[in-house]
Amino acid sequence: MPSMSVSVRAETLEAARAEAAAAGLTLSAWVDRTLSEAVWTRRFARQQERNAALGITAEYLGDEFVHLEALRRRAAG
């Protein structure tokens, strides 16, 4: 397992504690949430890049969703 030890400036740590307190979270929970949001934001951006490279538009995805929902409803009876 890689070392997760990092050096953080006192001002940065205090700002993070303040944000955590404002959100009603412990510092650890706030860090976990912040890192999770960053990961999902990056994953979404990467998927948008892939879609653009393939020529997939938001309109296409919406139409495909409508089509799949119609198939699902038909299969459900």
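**Notebook: helices, charges and one buried asparagine**

I began with helix α2, which has 28 residues and reaches 41 Å from its first C-alpha to its last, close to the 40 Å expected at 1.5 Å a residue. I note at the outset that this is a predicted model. I then looked at what follows the helix, and found Gly 55, whose phi is positive, near 80°.

**Entry on residues of α2**

I looked up Arg 42, which is found in α2, a helix that covers residues 27-54. Its relative accessibility is 39%, so I recorded Arg 42 as partly exposed. I also took the C-alpha to C-alpha distance from Arg 42 to Ala 52, which is 15 Å for 10 residues of sequence.

I turned next to Arg 43, which lies over the face of Trp 40, at 4.6 Å from the ring centre. I searched for aromatic pairs as well, and the structure holds 0 of them.

Asn 51 is another residue that I looked up in helix α2. Is Asn 51 buried or exposed? I entered Asn 51 as buried, because its relative accessibility is 10% and buried means under 20%. Leaving aside residues up to four places away in sequence, I found that Asn 51 touches Ile 56 and Leu 61. Leu 61 falls within helix α3, which runs over residues 58-76.

**Entry on α3**

I checked the length of α3 in the same manner. Its 19 residues should span 27 Å at 1.5 Å a residue, and its end C-alpha atoms are 27 Å apart, so the two values agree. Just after α3, I noted that Gly 77 takes a positive phi of about 100°.

**Entry on salt bridges**

Side chains of opposite charge can pair when their charged atoms come close. How many salt bridges does the structure have? I obtained a count of 5 salt bridges, and I describe some of them here.

In α3, I found a salt bridge between Glu 69 and Arg 72, with the closest N and O atoms 2.9 Å apart. The two residues are 3 apart within the helix, about one turn. An α-helix has 3.6 residues a turn, so residues three or four places apart point the same way. I recorded Glu 69 as buried, because its relative accessible area is 19% and the limit for buried is under 20%. Arg 72, in contrast, counts as partly exposed at 48% relative accessibility.

In helix α1, which covers residues 10-22, I looked up Glu 14 and Arg 17, again 3 residues apart and about one turn of the helix from each other. Glu 14 forms a salt bridge with Arg 17, and the closest N and O atoms are 2.9 Å apart. I listed Glu 14 as partly exposed, because its relative accessibility is 47%. Arg 17 is also partly exposed, with a relative accessible area of 41%.

A further salt bridge joins Arg 9 to Glu 11, where I found the closest N and O atoms 3.5 Å apart. Are these two residues buried or exposed? I entered Arg 9 as exposed, because its relative accessible area is 56%. Glu 11 also counts as exposed, because its relative accessibility is 55% and exposed means over 50%.

Note on methods: Residues numbered from 1 in each chain as written. Predicted model: local features only at pLDDT ≥ 70, side-chain atom pairs only at ≥ 80, totals over all residues. Heavy atoms only, no water. Helix = DSSP H or I, 4+ residues; strand = E, 2+ residues; numbered from the N terminus. Buried < 20%, exposed > 50% of the residue type's maximum accessible area, 1.4 Å probe, protein only. Salt bridge = Lys/Arg side-chain N within 4 Å of Asp/Glu carboxyl O. Expected span 1.5 Å × (residues − 1). Phe/Tyr/Trp six-rings, centres within 6.5 Å; stacked < 30°, edge-to-face > 60°. Lys NZ or Arg CZ within 6 Å of the ring centre and 35° of its normal. Contact = heavy atoms within 4.5 Å.
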